[in-house]
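Please open the structure in your viewer and keep the selection panel at hand. The tour moves from the whole chain to single side chains, and each stop begins with something to select.

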Amino acid sequence: MYLIVGLGNPGSKYAHTRHNVGFDVLEKLARKLNVSISREKDEALIGECFVGGQKVILALPQTYMNLSGEAVMRLVNYYKIDPEDLLVVYDDIDLAPGFIRIRKNGSAGTHNGMRSIIGLLGFENFPRLRVGVGQKREGYELADWVLGHYIGEEADVQDKAFELAADAIVDYIQNGIESAMCKYNTKKPKKPKPEPKPEEEGAIE
């Protein structure tokens, strides 16, 4: 059994903001799996389905981001989820927009939702999928940036990332975390090599 959790803030005010990446990815995933995430349970909205014979619970905590752990802990305990079968999807300001990263485990970093989850579960050895939202731009406070809506072409870039993330989750369920990491972790663009300096006149070869 798998528990896939998308982090975000409930309510129309926060819909499709950078901090609601987890909600947007699970919305894409729910469409792929033909399931509705609408049943209320333990301070979350959930939907249940089967993928390749495996039961999958999709969950959107309704506790607001900073208290995400309260809902996740209750679901983990109720369904008796093993750490390796819990996947959490959330935003990352240290990744460029459109980039995704899947890891087997790790710390919470600066993400308050993940801090809440790890703090209440008491362990951090569970998979997570991060979707980049980019560093805040000049003139923005961090809170305004992550709670803000996408600008210009950023929305299209992110929509493609949500689709990619949803595909990665299906692969994780069907083939395991290693497979999803190999296939879907977005590679960082290589820095261009500096052009060679023109040879000085009269230089000896």
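The stops below go from overall views to aromatic rings, and then to a serine in a helix.

Begin with the whole protein in a cartoon view, bearing in mind that this is a predicted model. Colouring by secondary structure should bring out six helices and seven strands, which follow one another from the N terminus in the order β-α-β-β-β-α-β-β-α-β-α-α-α. If you reduce the display to the C-alpha trace, its span along the principal axes is about 80 × 40 × 35 Å.

Next, switch to a surface view, where the protein exposes about 11,300 Å², with carbon and sulfur atoms supplying 49% of that area. Of the 205 residues, 49% count as buried. Selecting the charged side chains gives 26 positive and 30 negative ones, and the centres of these two sets lie 4 Å apart. If you draw contacts instead, counting those with a separation of 6 or more, 69% of them are between residues 24 or more positions apart.

Now select the aromatic side chains: how many aromatic pairs does a search of the whole structure find? The search finds five, and two of the pairs are visited here. In one of them, the rings of Tyr78 and Tyr79 have centres 4.9 Å apart and planes at 85 degrees, and since an angle over 60 degrees counts as edge-to-face, that is how this pair is classed. Tyr79 is buried, at a relative accessible area of 10%. Add Lys41 to the selection, and you will find this residue over the face of Tyr78, 3.5 Å from the ring centre.

Move on to Phe123 and Phe126, whose ring centres are 6.2 Å apart and whose planes meet at 80 degrees, so this pair is edge-to-face. Is Phe126 buried or exposed? Phe126 is buried, with a relative accessible area of 0%, whereas Phe123, at 24% relative accessibility, counts as partly exposed. Show Arg128 as well, because its charged end sits over the ring of Phe126, 4.6 Å from the centre.

For the last stop, select Ser116, which lies in helix α3, residues 112–121. With a relative accessible area of 12%, Ser116 is buried. Leaving aside residues up to four places away in sequence, which residues does Ser116 touch? Select Asn66, Leu67, Ser68, Gly69 and Glu70 to see the residues that Ser116 touches.

Note on methods. Residues are numbered from 1 along each chain as its sequence is written. This is a predicted model: local features need pLDDT of at least 70, side-chain atom pairs count only at pLDDT 80 or more; totals for chains, interfaces and linings use all residues. Side-chain values use heavy atoms; hydrogens and water are left out. Rings of Phe, Tyr and Trp (its six-membered ring) pair if their centres lie within 6.5 Å; planes under 30 degrees apart count as stacked, over 60 as edge-to-face and the rest as tilted. Buried means under 20% relative accessible area, exposed over 50%, partly exposed in between (1.4 Å probe, protein chains only). A charge sits over a ring if NZ of Lys or CZ of Arg is within 6 Å of the ring centre and within 35 degrees of the ring normal. Helices (H or I, at least four residues) and strands (E, at least two) are DSSP runs, numbered from the N terminus. Contact means heavy atoms within 4.5 Å. Accessible areas come from the Shrake-Rupley method with a 1.4 Å probe; for residues, only the protein chains shown count as cover. Lys and Arg count as positive and Asp and Glu as negative; His and the chain ends are not counted. The place of a charge is taken as NZ of Lys, CZ of Arg, CG of Asp or CD of Glu.
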